[in-house]
Amino acid sequence: MSDNRVAWDVINEEITGHRSVDDEIADHREKEWVDHPGELTVFCSNCDEPLVVILITRPDAPVHNELVATCGLCDDKSFVKKFDGLFAIRASDKVSMQDMKIVKLEETDNIITQTVLIPTKAR
Ligand SMILES: [Zn+2]
């Protein structure tokens, strides 16, 4: 009896302690969000309108980014935005985003430096 009981407790602990992959992913996302709530908004250097919003999802990733967004409203572009890590990006309310282009990519000592161009178009 005691042998069965022990076996059951072990199994039960395994079952209740089990976490699905979805749970792990959800926690990871939440943690990233809580630890790094900041978003960077990239504005046009000429007309000052917000173009794209960057959310840095993994600030510790060995990636240096230099990002420029073109302005679909006045055909100028943003200043160069420099930040580190992996990121997600979305368009502002003013423009839609075209395909992101990596215009330059270098790797030195396992650190990637990339120049990213984001063309935008007036909505
Ligand atoms: Zn502009």
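In the predicted model, Thr41 has Val53 of strand β2 as its bridge partner. This bridge belongs to the pairing of β1 with β2, the latter spanning residues 50-58. The two strands run in the antiparallel sense and are joined over five bridges.

Strands β1 and β2 are part of an open sheet of three strands, arranged in the order β1-β2-β5. The pairing in this sheet is antiparallel. Its edges are formed by β1, residues 39-43, and by β5, residues 86-91. Each of these edge strands pairs on one side only, whereas β2 lies between β1 and β5 in the strand order. On average, and with direction ignored, neighbouring strands of this sheet are turned by 25 degrees against each other.

A further open sheet consists of four strands in the order β4-β3-β8-β7. Here the pairing is mixed. The edge positions are held by β4, residues 81-84, and β7, residues 101-108, each of which pairs on one side only. For neighbouring strands of this four-stranded sheet, the average turn against each other is 15 degrees, again with direction ignored.

Within the order β4-β3-β8-β7, strands β3 and β8 stand next to each other. Strand β3 comprises residues 63-69 and strand β8 residues 111-118. These two strands pair in the parallel sense over seven bridges. One residue pair illustrates the arrangement: Ala69 has Ile118, in β8, as its bridge partner.

Technical notes. Residues are numbered from 1 along each chain as its sequence is written. This is a predicted model: local features need pLDDT of at least 70, side-chain atom pairs count only at pLDDT 80 or more; totals for chains, interfaces and linings use all residues. Two strands pair if DSSP finds at least two bridges between them. Axes are lines fitted to C-alpha atoms, for helices over the stretch in contact, and angles run from 0 to 180 degrees between N-to-C directions.
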